[in-house]
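Hi everyone, thanks for coming along. I'd like to walk you through one structure today, starting with the chains and ending with a couple of individual residues.

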Amino acid sequence: MSKANLILLGAIITVLIASSAYLLLSKTNNTNLSGQNGGDNQNQIQTITTDNADESLSQTETEMTTELNQADVDIKEAQDTNTTSSTQEDLNSINSL
Amino acid sequence: MSKLIIIFLAVVFGFSQIPKVNAQNTILNPNKTTRPILNSTRSAENQEKRLDKIKEHAKRLIENRISSLNNLLQRINNNSKLSTEEKTLLSSQVQAEIDALNLLKAKIEADTDIETARQNTRKIITDHYIYRVFIPKIQLLITIDNLQALSVKLSETTVKIQELIDRIGDEGKDTTLLQSLLDDANSQLSSINTTLTNAKAKVMAINATNFQRQFAQIKQDLASVRNSFAKIKNDIGQMRTNFRGLNKSTP
């Protein structure tokens with residue numbers, strides 16, 4: 001085998017190794033991403049069966065309670081932000097300067 | 001001759017005293033001649049101080065508002081229930097207010113007279129109403145968006161429950177009660193969606209003059225929504241009992 005062929009073979013092997021490494025890394029990243037998505041999907045509702053209906057609906061109830069309590073807090077906060085705003089006081093303070 | 005000399009000396013002495021007297025007067029009462037100049041300098045200094053005070057006050061008012069808006073931005077971005085579109089829409093509204101306040105800040109900093117600076121400083125409040133209208137409005141929109149997200153999730157759950165009820169029905173079991181509970185839950189969801197859409201329109205229509213009236217109506221809408229969610233929760237509770245019963249009866 002000539003020196004030129006050896007160099008060509010070396011180059012081909014290098015390209016192959018690099019491509020394999022790239023594909024392997026991409027796959028790892030994809031796996032991680034799908035793993036993350038899978039994590040998110042865990043929060044989504046799976047098929048409900050008579051076996052898991054009680055537990056699944058119990059989670060739904062808990063989630064509803066959490067969200068509704070949060071909504072109460074948010075509504076109160078919105079109201080407080082409005083009522084504690086001292087628009088007239090601020091305007092008077094500007095006029096007095 | 002001596003009389004002439006005396007008169008001459010008296011005249012010379014007399015004239016020589018005139019500037020001295022003026023000089024003494026000036027020394028004794030320096031304000032007499034420089035007062036107008038000093039008064040005008042002091043007045044200019046006072047004007048400058050007042051202008052600086054207004055600018056300082058304006059800067060504080062704007063920075064407080066921008067800080068609150070940045071907190072709101074952070075809250076929107078950290079909200080896991082909001083969709084990307086909702087986040088983009090709400091964030092762009094908040095960012096527009098921040099940009100407008102920064103522009104106003106630069107304008108006030110460049111103002112050279114008290115009245116203009118004062119008028120522009122008033123605009124921080126009257127043109128934006130950050131605390132009185134804008135922030136509560138965005139907070140209400142976030143709340144409604146969150147409740148809409150909850151409604152969507154519950155709709156997905158009811159689809160799954162319907163599939164289960166259909167399967168159980170296919171097995172020849174009585175699903176009358178379950179179906180009735182699910183129908184009620186779906187009906188409540190439909191009512192929730194309509195009320196939330198209306199409430200959102202009311203929030204969008206909020207302004208500085210109608211806030212209290214609009215807010216009272218929105219609060220009423222959200223109380224009705226809460227009531228509907230409570231009914232769904234009750235339906236789900238009864239369904240759980242029913243499913244447990246079916247599970248026990250299954251060999």
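**Two chains and where they meet**

In chain B, 77% of the contacts with a separation of 6 or more are between residues 24 or more positions apart. Before I go further, please keep in mind that this is a predicted model.

Let me stay with chain B for a moment. Chain B has 7 helices and 0 strands, so if you read along the sequence, you get α-α-α-α-α-α-α by the definition of helices and strands used here. Of its 251 residues, 37% count as buried. The surface that chain B exposes comes to about 14,400 Å², and carbon and sulfur atoms supply 55% of that.

Now for the partner. Chain A has 97 residues, with 23% of them buried. There are 3 helices and 0 strands here, and from the N terminus on the pattern is α-α-α. Chain A exposes about 6,700 Å², with 57% supplied by carbon and sulfur atoms.

On to the interface. How many residues of each chain are in contact with the other chain? The count is 37 residues of chain A and 49 residues of chain B. People often give the size of an interface as the accessible area lost when the parts come together. For chain A and chain B, the buried area is about 4,200 Å², and carbon and sulfur atoms give 63% of it. Three residues deserve a mention here: M64(A), I94(A) and L97(A) supply 16% of the area that chain A buries against chain B, more than any other three residues.

For those of you who like charges, the rule finds 9 salt bridges across this interface. One pair to look at is K153(B) with E63(A), a salt bridge whose closest N and O atoms are 2.9 Å apart. Turning to polar contacts, 21 residue pairs are found across the interface, with both residues at pLDDT 80 or more.

Which elements of chain A give two or more residues to the side that touches chain B? They are α2, residues 53–83, and α3, residues 87–95. The largest share, 21 residues, comes from α2(A). Sorted by type, the residues on that side of chain A divide into 12 nonpolar, 16 polar and 9 charged.

Let's zoom in on R65(B). You'll find R65(B) in helix α2 of chain B, which spans residues 31–78. Is R65(B) buried or exposed? R65(B) is buried, because its relative accessible area is 6% and the cut-off for buried is under 20%. A polar atom of the R65(B) side chain lies 3.1 Å from the backbone oxygen of L61(B). Leaving aside residues up to four places away in sequence, R65(B) touches L101(B), I124(B), I125(B), I130(B) and Y131(B), along with D90(A) from the other chain.

My last stop is T194(B), which sits in helix α6 of chain B, residues 176–204. T194(B) has 46% relative accessibility, so T194(B) counts as partly exposed, a class that lies between the 20% and 50% cut-offs. If you look for V225(B), 31 residues apart from T194(B) along the chain, the two C-alpha atoms are separated by 9.6 Å.

That's my tour, and I'm happy to turn the model around for anyone who wants another look.

Technical notes:
Residues numbered from 1 in each chain as written. Chains lettered and ligands numbered in written order. Predicted model: local features only at pLDDT ≥ 70, side-chain atom pairs only at ≥ 80, totals over all residues. Heavy atoms only, no water. Helix = DSSP H or I, 4+ residues; strand = E, 2+ residues; numbered from the N terminus. Buried < 20%, exposed > 50% of the residue type's maximum accessible area, 1.4 Å probe, protein only. Areas by Shrake-Rupley, 256 points an atom, 1.4 Å probe, with all protein chains shown as cover. Contact = heavy atoms within 4.5 Å. Buried area = accessible area lost by both parts, 1.4 Å probe. Salt bridge = Lys/Arg side-chain N within 4 Å of Asp/Glu carboxyl O. Polar contact = N/O pair within 3.5 Å; in protein donor to acceptor, adjacent residues only side chain to side chain. Nonpolar A, V, L, I, M, F, W, Y, C, P; charged D, E, K, R; others polar.
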